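Me: I'm new to this one and would like a close look at a single part. Could you walk me through the sheet and whatever packs against it?

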Amino acid sequence: MHKGPTSDLTSAGNQALATQDIKLLVLDIDGTISGESNTLSVPVKQAIAAVQAKGIHVAIATGRMYCSALRFHQEINCLLPLMAYQGAWIQDPASQKIYRHWSVSREIAHQLLDYFEQPQLRSHLSVHFYINDQLYVRELSQETQTYAKRSGIAPIPVGDLRQVLSNEPTKILALSEDTEVINQLLGDLRRQYTPAELYLTTSVATFFEATNPLVNKGTAVRYLAEELLGLQSNNVMTIGDNFNDLEMLQYAGIGVAMGNAPAGVKAVAQWVAPTVEEDGVVSAINKFLLS
């Protein structure tokens with residue numbers, strides 16, 4: 001695990017050395033390069049373009065659906081595969097080649113649905129099943145509609161979600177405006193399932209997410225860097241803002257947390273940038289890659 005923001009990396013000599021080694025910059029979307037506006041600011045786009053002009057690869061790793069993340073991938077003129085669904089789905093938009101698709105077993109999907117539909121939980125949760133890059137829901141709740149609007153996707157209401165489980169979900173998401181409910185889910189299900197059975201995380205305080213146990217942004221970034229680009233961890237810089245970014249921050253030679261990140265995420269980062277609304281990504285890029 002990395003040291004915190006007081007790491008030796010902040011010394012000028014080590015920083016310069018680390019900067020020279022970086023060949024790949026990986027960015028999260030929500031809370032990192034995109035804030036409340038759900039768009040990329042001009043300074044963020046300019047900083048990313050400056051990095052690419054130096055010959056450094058730039059990629060996106062997000063919890064979003066592939067189809068929802070695609071516009072950001074295109075807007076930064078990314079030439080690498082897109083890492084979506086926390087890295088469960090890695091696809092090259094140019095060739096349409098899917099490099100990875102790791103799903104949740106039907107058996108566990110049924111078990112999670114049974115858990116979510118307990119009387120004390122059902123009314124508090126909106127449950128999302130992501131199958132073949134489409135979103136299936138029980139009903140169009142207010143939380144689902146808000147999520148769909150920001151994601152730019154059309155949810156498919158089916159009533160009983162068991163109807164769609166002839167296929168394995170890429171990801172399962174439970175939404176609740178009550179963060180205590182999400183914390184309860186995370187605690188309960190981490191006691192029920194080992195990390196070898198299911199990867200559980202939160203991407204924002206109101207989103208509980210479950211994926212295949214092999215999935216996280218760290219394994220996705222490692223695959224992109226080492227298997228596809230022939231790089232090592234010290235050649236990688238990552239920037240993220242939430243608990244689903246932990247593994248990629250820990251993997252990278254330089255891991256940067258946003259100023260709006262929870263304390264537990266900042267603790268594993270080597271540097272903490274300003275917030276997303278202050279274009280913190282620009283500050284991080286300038287400090288480590290353009291100075």
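Reply: Sure, and let's start with one pair of residues: F129 has Y136, in β7, as its bridge partner. Keep in mind that this is a predicted model. That pair belongs to a longer match-up, where strand β6 (residues 126-131) and strand β7 (residues 134-137) run antiparallel and are joined over four bridges.

Now lay a helix on top. Helix α6, covering residues 142-151, packs on the sheet and touches β6, β7, β9 (171-175) and β11 (207-211). Compared with the direction of β6, the direction of α6 is turned by about 45 degrees.

Step back and you'll see the whole sheet. It is open, has six strands and mixed pairing, and reads β8-β7-β6-β9-β11-β10 in order. The edges belong to β8 (156-157) and β10 (199-202); each has a single partner strand, so one side of each has no neighbour in the sheet.

Follow the order along to β10 and you meet another helix. Helix α7 (residues 179-192) lies across β9, β10 and β11. Its direction is at about 160 degrees to β10. An angle over 145 degrees counts as roughly antiparallel, so α7 and β10 run roughly antiparallel to each other.

So here's the picture to keep while you turn the model: β9 and β11 are touched by α6, and α7 lies across those two strands as well as β10, while β6 and β7 are also among the strands that α6 touches.

Conventions:
Residues are numbered from 1 along each chain as its sequence is written. This is a predicted model: local features need pLDDT of at least 70, side-chain atom pairs count only at pLDDT 80 or more; totals for chains, interfaces and linings use all residues. Side-chain values use heavy atoms; hydrogens and water are left out. Two strands pair if DSSP finds at least two bridges between them. Contact means heavy atoms within 4.5 Å. Axes are lines fitted to C-alpha atoms, for helices over the stretch in contact, and angles run from 0 to 180 degrees between N-to-C directions.
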